[in-house]
Amino acid sequence: MYRRGKFSLLQNLLRLTVQVIDDHAYVSLQDCVAHLLSFSHNFSTMNYKRVSTTTTVQKITESKAVQYIRERAVAVMKNDPIVVLYCTESSNDFDPKVSTKANRQSCWIKTVTILSCNTFDTVDKRSSTFPIAVGKKGHSHEAVELAFANELDRLRSGKCCFYYKSSSCIVPVYLELMVSLQDQLER
Amino acid sequence: MNYLMLGGGKYSARWGYSANISEVHQVIPTCDNCLVKQKRNGPDFNDTSDNANKCTSCTNWEMCGNYPMLRTRPPGKFPQDTILDVNQSIEPFELHYKLLKDAVKLANEKLTDGIWSNEEAKQYLWVFGINNDAVTKIIEHTTNQRLFAYAETHKDSIPVEYEVMRCHKERYPTKYGPWLYPASWTCRIQLNQHVDVPMHLLFLAVTKSTIKRIMEWTRYQNKQNHYLRMVGGVLETVAKLHLDWCVAIPMQSSKFGGWVSENFLALARLSRWFFSMLPYLRPGPEYRDPLRPLSMWTVKELRDWLRARGLSTHGKKWN
């Protein structure tokens, strides 16, 4: 009822496909974007204009870093409407909650938060944060990093299109990594 | 992930820069004269692009740039052919992935051609902050390349060795080519996009350092035992509450074995409470030197004597 069978709960739940890469559970970044856009979040698909740099930066979307992402997206897509997103990645080691002692059977997790580059778009960070990979602490995460880098490259090409629920159509999406949050050991 | 050294490395104390900070740390902070100018004229008091106006005693927190005082002697076996300066010194520079790739490529070429020794390559890559794991692999790959090239040229005289190496190469082809750059070096992420996380800076750097300093002070005041009991009691009572926003664990000793960021976060939340008890710490029993002759002192007595004077207690008893 829950796990097996055509009508089981697990088979019919909306969830991302998990693949195994070099002993890590890995979820495709493109699947995460598709998942996010399949809900009714309002992401603008209009052409972007440069915001004046003289105004005080109050939001991260008004920062130069995000403005440059928008400009690069426009340069890639010319005049076509596009959803421009940025993401922040974070990876760190953690101990399982059931562990009775610290630093035993520790794990490693990489998460990605995907947000809009448009100042007026608001998305709850909790609903746009996805665990991308989980593995064991101390193992080489190179294979995961490589897969993630390849996906980022594809999403920067402007050739990735996804179904967009709000406008009920397929839209091209441009996504860039803005910042990578890690502690010294992770880096 | 990045194959870069941690902050403890001689040339990697500051993330994203290569600089021998231990040698130049005195000239980096703003000097008194510059501070006065800065207070009077604001942060743009001095145009650093103008050499004539540059301060000669400080860099005003600049890490790179044309400052002779930032130049340091390279490590002992640093390859001389890479030093451009006539005074045989090297200057700090900002790291980026292209620079790291160029450095690895150069080291690979020089090692394969036999121009540099392994030690020279190690010292060169060390200055770039590349960690030991990567350096070992780079040297292993270039050694394999060089040995295979030699065996191939002399395969008539050493046929067995050549055959063994050929089979090994067929099995592990990547080990006989240049070291493959990590994924983070080749994708379009820049090194400065890996930023420090405020949580780590606050709770692993500031809180941990503060508590260690206080612990050191209590040790010199002979109040450490009472301090540990007091802090341990506070943390234990909070730990029993199982609060998810304040995960305290009892402090067993002056070491933080098994402590993670969230435990230091709890410590930071509680710090005003238990630091308020510092004035009420009671000193432990006063230390007295043993009355017996020194040659008859036990190891414990010797350690206590050293500890009472704030000296290291490591080492062996000399007879």
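## A strand pair across the chains

Which strand of chain B does strand β7 of chain A pair with, and in what sense? The partner is β3 of chain B (residues 194-195), and β7 (residues 169-181) runs parallel to it over two bridges. Pairing here asks for at least two DSSP bridges between the strands, and strands are DSSP E runs of at least two residues, numbered from the N terminus. One bridge partnership to look up is Ser180(A) with His194(B).

This is a predicted model, where local features need pLDDT of at least 70 and side-chain atom pairs count only at pLDDT 80 or more, while totals for chains, interfaces and linings use all residues. Residues are numbered from 1 along each chain as its sequence is written, and side-chain values use heavy atoms, with hydrogens and water left out.

## The interface

On the chain B side, 19 residues are in contact with 22 residues of chain A (heavy atoms within 4.5 Å). About 1900 Å² gets buried between the two chains, with carbon and sulfur atoms giving 53% of that; the figure is accessible area (1.4 Å probe) lost on putting the two parts together, summed over both.

Salt bridges between chain B and chain A? How many turn up? The count is zero, taking a Lys or Arg side-chain nitrogen within 4 Å of an Asp or Glu carboxyl oxygen as the rule.

## Helix α4 of chain B

Helix α4 (residues 118-127) has buried residues including Tyr124(B) and Leu125(B), buried being under 20% relative accessible area (1.4 Å probe, protein chains only). Helices are DSSP H or I runs of at least four residues. The buried residues of α4(B) pack against β1, β2, α3 and α5 of chain B. Just after the helix, Gly129(B) has a positive phi of about 75°.

How values were computed: Chains are lettered from A and ligands numbered from 1 in the order in which they are written. Buried means under 20% relative accessible area, exposed over 50%, partly exposed in between (1.4 Å probe, protein chains only).
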